[in-house]
Amino acid sequence: IAPSPAIAQLPFFRIFRPPVDEFPPSPLELTEADPLLPEFPLTRELTTAEKSKLRPELDKLRLEGLRLSQAGNTLEAYGRWYRELRLRRFLGLDEEVVAIAQVGELAAQQNQTEAAQILVERLRAIGRGETGSVPERDESPFVELTAVPDLPSPLLERLGAAYLAVRAPRVALVVCRELLKRDRQGRNAQLVQLRLEAIAELQLSWFDYGPEAAYYEEMLELETQKFQRGVVPLSAILPDSAAPLTVPTERKLPPEVPPLYRKTIAYLQQLSNIYRRANQPERGIVTDQRLINAYRQVGLVRPIPAIQVAIGDSYNQIGDGAAARSLYLKATALAQQIQQFSIARSALTQLIALYQAQPELQPAGGAIVETSLAELELARLAGDGFGMMESYNRLGEWLRSQGDIDQARVAFEQGAVLAQQLNYRQLHFQRQLQTLENL
């Protein structure tokens, strides 16, 4: 029997599909009575006695959740924690936000994405001023915060910490910037500096180096002001001077940076890394020179050769080969003086590459061969067999390119001996020697 057209057009599948709540209630919304509350719905604030009675019960719920989580009962654990958070709301926003941060930290560690989103939704509701027991539904709860709520600074501080706990750094950054603005208005230099450090770390968390550098420059300026007030000598952060760099021999090098210099040196180190990652060699050169002066001021010499090599690399990157050569030579001399043979060898390796790329920078008399032999000796002093093998290989390749086949064969043969001892790249050196037979 052919069905009637009217029946045929009915969407039968919808009859058997239950209606779906597009926005189901959040587990943090109190929609039914709880035995821990004196009444429901609760339309008044709890008394001091009622709050004192409620707190230990909520602490028990938190511990129960921890035990369940450790036993692998994740669903039941979050059920306990959600109930705790629903009731924490009646103790005030300060306690609620702190509790959200604690649960959020656990959710982030356990990769509980759904739980973290639920917590973020509640934090955003607090930011919108929805402090009641049943907040309004936000149909786009995970859009980043753009407007900072007008909350007291202590509560806003806790809100930012909670966003960090649930791994929402971009939203936390908006809060931190508002707190920084308030700190500036209060003319509290110490708080400003701490806030800048927090913001810089947040920027670093998603590799946004440009703004991060600006924050560190400002922090460094705050430290400079301390120097200018006579706390420590200003020369520690001035540009590189013409004074010779010497290794102190009459006194023992300090084991660590003195407390008054730690922030300055830490900021300079971070700025150096930022400019290197951001591919800004010119700014990196200036920062590294200031860092060298800071180390010199406190008598720390051992970090300097590696920084000099980095400055040489930066000069090489911007095409100033003469300046790069000067830094590589300085780094080699100082590193040898304090027996940092690996760093000295690294500087010579860079110098050899520079000579090969820009032959006009070589002094007369075959500088590449002499420099390669010096590099080889430094690798030997450092006990670096692999480094010696690589040095022999580079030297052999250079001699072969210059047509000195006999000396190239000697270099490759020495490299082959090391390769056999180290059981590494043996076939490579055999092929290098075979190429010489065909020349």
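**A helical model, one piece at a time**

Okay, let's start with a small detail: right after helix α7, Arg 167 takes a positive phi of about 60 degrees. Helices here, like strands, are DSSP runs numbered from the N terminus, H or I with at least four residues for a helix and E with at least two for a strand.

Before going on, a word on what we have. This is a predicted model, where local features need pLDDT of at least 70, side-chain atom pairs count only at pLDDT 80 or more, and totals for chains, interfaces and linings use all residues. Residues are numbered from 1 along each chain as its sequence is written, and side-chain values use heavy atoms, with hydrogens and water left out.

So, the overall view. The protein has 19 helices and zero strands. Of its 439 residues, 42% count as buried, where buried means under 20% relative accessible area, exposed means over 50%, and partly exposed is in between, with a 1.4 Å probe and protein chains only. Take the contacts, meaning heavy atoms within 4.5 Å, with a separation of 6 or more: 60% of them are between residues 24 or more positions apart.

Back to α7. This helix covers residues 153-165, 13 in number, and reaches 18 Å from first C-alpha to last, close to the expected 18 Å; that expected span is 1.5 Å times one less than the number of residues. Its buried residues are Leu 155, Leu 156, Leu 159, Gly 160, Ala 162, Tyr 163 and Ala 165. And what covers them? Among other things, α5 (93-109), α6 (113-127) and α8 (169-185).

Now α5 again, this time with a partner. Helix α4 (residues 74-88) packs against α5 at an angle of about 160 degrees, and their axes are 9 Å apart. The axes are lines fitted to C-alpha atoms, for helices over the stretch in contact, and the angles run from 0 to 180 degrees between N-to-C directions. That makes α4 and α5 roughly antiparallel, a label for angles over 145 degrees. On the α4 side, Tyr 78, Trp 81, Glu 84, Leu 85 and Arg 88 meet a set in α5 that includes Ala 99, Ile 100 and Val 103.

Two of those α4 names come back: Tyr 78, Trp 81 and Tyr 82 are linked into a cluster by ring pairs. Rings of Phe, Tyr and Trp (its six-membered ring) pair if their centres lie within 6.5 Å, and planes under 30 degrees apart count as stacked, over 60 as edge-to-face and the rest as tilted. By this rule there are four aromatic pairs. Phe 386 and Tyr 424 have ring centres 5.5 Å apart and planes at 75 degrees, so that pair is edge-to-face. Phe 386 sits in helix α17 (residues 385-401) and Tyr 424 in the loop between α18 (405-422) and α19 (426-437), so the pair ties together parts 38 residues apart in sequence. Phe 386 is partly exposed at 42% relative accessibility, and Tyr 424 is partly exposed too, at 41%.

Staying in α17, where Met 388 also lies: is Met 388 buried or exposed? Buried, with a relative accessible area of 17%. Leaving aside neighbours within four places in sequence, Met 388 is in contact with Leu 376, Ala 379, Arg 380 and Leu 418.

Last stop, Thr 371 in helix α16 (residues 367-381). Thr 371 counts as buried at 10% relative accessibility. Not counting residues up to four places away, Thr 371 touches Leu 348, Leu 351, Ile 352 and Tyr 355.

Conventions. Angles under 35 degrees count as roughly parallel, over 145 as roughly antiparallel, 65 to 115 as roughly perpendicular and the rest as oblique.
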